[in-house]
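Dear colleague,

I am handing over the structure we spoke about, and my notes on it follow below. Please read them with the model open beside you.

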Amino acid sequence: MPTLLPRPSILSIEPYVGGESKIPGVNRIIKLSSNEGAFGVPPGAQAAYAKLAAELHRYPDGGSTALRQAIAQRYGLDAERIVCGNGSDELIGHIIMAYGGEGTELVMSAHGFVMYDIAGRYAGCRIIKVPERNLTADVDALLAAVGPRTRLMFLANPNNPTGSILPQSEIERLRAGLREDVLLVLDSAYAEYVTRPDYDPGVALVEAGTNTIMTRTFSKVFGLGGVRLGWTYAPPHITDVLNRVRGPFNVNAPAMAAGIAALAEHGWVERSVAHNSEWRAKLSDGLQAAGITVHPSEGNFILADFGTAERAKGADAALKARGLIVRAMGSYSLPQCLRITIGTAEECSMVLDALTGFMRGTA
Ligand SMILES: *Cc1c(COP(=O)(O)O)cnc(C)c1O
């Protein structure tokens, strides 16, 4: 045993396991395991990224000014309240380190996004996981879990991996039921995919109060997971805190250029969302016709429930045999499920084919 040890909570972290990207012996693989956008990288973002190659000796703009302005313009926000980060994961970590820590509690729903647990333990928070109803966050249970030491509550809306969403009225009821000194973090990584008219990714609550923050990402609909780009929208006093603790050059220059270009890509989000809605429905209906339970999803993925862990494993193997990689859900305590990203029409059809065949074979 080395005598040099990290703080005890660090060793309670289960290292993050990303979506797989290889199958031994299979050349043509189709990766549907990380909710990356179906259409790849926007062409304008590729060009902007490449153009920066000859400028890489320069430090980036530490304030991400042009990117913040582009985001603010697109979404009708105040650029002064935006902080950009090296993926929203970085910002989630800073939020927790700044407001949580030893002796505090972080509340999340049982199948909430795993980064809250990892970053929470890193900071030394006690993590409280609250049971859900039908794989959906339960506002009453979340509120009941809040204690005097609670400083942070995380909610992804829509949630990954369940795809479930809470209506705006429930989010408002959640905020109204929380103490003023509890920070509510609304993670809206999949906001663009939501087509419900009453949906608000968190802007209204951020602007209405002093203790709600919204996180967003370029990793999903904008197809930029590889450059690591995310942002927060928060009240000024929280924005000030994040600007103190983040690295001075936490967003790299080509990532900023790619992000600005992705925002400007004409029709990109509209086309992506239309495709997603169409194929999410087709895939869900097709899988259900084959006898698989599919949970309703508002994201660019679906959660397919095979009833038992053994059957989910068999389904995963049937998909892998055709080069299709999806996400096993053991780490989310859902071993009977597979999470499947909505890919291209051809990719979705291949998934449907493989799983229909699998269900026939096991019936
Ligand atoms: C994918 C995802 C993110 C995005 O993380 P980045 O670090 O921006 O790539 C954040 N939250 C949830 C719930 C996600 O599914």
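**Prolines in one loop**

Pro 158 is found in the loop between strand 5 (150-156) and helix 6 (168-177), and a cis peptide bond joins Asn 157 to this proline, with omega at about 0°. Please keep in mind throughout that this is a predicted model. Pro 161 also has its place in the loop between strand 5 and helix 6, and the peptide bond that leads from Asn 160 to Pro 161 is cis as well, with omega near 20°. Most peptide bonds are trans, and most residues other than glycine have a negative phi, which brings me to the backbone of another loop.

**Positive phi values**

Asn 134 is located in the loop between strand 4 (126-130) and helix 5 (139-144), and its phi is near 50°, a positive value in a residue other than glycine. Leu 135 has its place in the loop between strand 4 and helix 5 too, and phi of Leu 135, near 55°, is likewise positive in a residue other than glycine. Are these two residues buried or exposed? Asn 134 counts as exposed because its relative accessibility is 73%, which is over the 50% that the term requires, whereas Leu 135, at 16% relative accessibility, is under the 20% limit and therefore counts as buried.

**The ligand and its surroundings**

The residues that surround the ligand include Gly 87, Ser 88, Asp 89, Phe 113, Asn 160, Asp 187, Tyr 190, Ser 219, Lys 220 and Arg 228, so that Asn 160, whose bond to Pro 161 is cis, appears in this list because one of its heavy atoms lies within 4 Å of the ligand. Which side chains place a polar atom beside an oxygen atom of the ligand? Among them are Tyr 190, with a polar side-chain atom 2.7 Å from a ligand oxygen, Ser 219, with a polar side-chain atom at 2.6 Å from a ligand oxygen, and Arg 228, where an N or O atom of the side chain is 2.6 Å from an oxygen atom of the ligand. Of the 390 Å² of accessible area that the ligand has on its own, the protein covers 94%.

Lys 220, another of the residues around the ligand, lies in the loop between strand 7 (212-217) and strand 8 (230-233), and with a relative accessible area of 13% this lysine is buried. An unreviewed UniProt entry places the feature "modified residue: N6-(pyridoxal phosphate)lysine" at Lys 220. The annotation "domain: Aminotransferase class I/classII large", also from an unreviewed UniProt entry, covers residues 29-355; the end C-alpha atoms of this span lie 16 Å apart, and the span is 40% helix and 17% strand.

**Aromatic rings**

How many aromatic pairs does the structure hold? There are eight, and one of them joins Tyr 190 and Phe 301, with 5.1 Å from centre to centre and 70° between the planes; the pair counts as edge-to-face because this angle is over 60°. The two partners belong to distant parts of the chain, 111 residues apart, with Tyr 190 in the loop between strand 6 (183-187) and helix 7 (203-208) and Phe 301 in strand 10 (residues 301-305). Tyr 190 is buried, with a relative accessible area of 2%, and Phe 301 counts as buried at 0% relative accessibility.

The rings of Phe 218 and Phe 222 have centres 5.2 Å apart and planes at 40°, so this pair is tilted. Phe 218 counts as buried at 2% relative accessibility, as does Phe 222 at 1%. Ring pairs also link Phe 113, Tyr 116 and Phe 154 into a cluster, and of this cluster Phe 113 is listed among the residues around the ligand.

Tyr 75 is a ring to look at for charges: Arg 74 lies over its face at 5.8 Å from the ring centre, and the charged end of Arg 216 sits over the ring of Tyr 75, 4.7 Å from its centre.

**A contact within a helix**

Finally, Ser 272 is found in helix 10 (residues 268-289) and is buried, with a relative accessible area of 8%. A polar atom of the Ser 272 side chain lies 2.7 Å from the backbone oxygen of Trp 268.

With best regards

Terms used
Residues numbered from 1 in each chain as written. Predicted model: local features only at pLDDT ≥ 70, side-chain atom pairs only at ≥ 80, totals over all residues. Heavy atoms only, no water. Phe/Tyr/Trp six-rings, centres within 6.5 Å; stacked < 30°, edge-to-face > 60°. Helix = DSSP H or I, 4+ residues; strand = E, 2+ residues; numbered from the N terminus. Buried < 20%, exposed > 50% of the residue type's maximum accessible area, 1.4 Å probe, protein only. Lys NZ or Arg CZ within 6 Å of the ring centre and 35° of its normal. Polar contact = N/O pair within 3.5 Å; in protein donor to acceptor, adjacent residues only side chain to side chain. Areas by Shrake-Rupley, 256 points an atom, 1.4 Å probe, with all protein chains shown as cover. UniProt positions renumbered as here; feature names shortened; annotations may be inferred.
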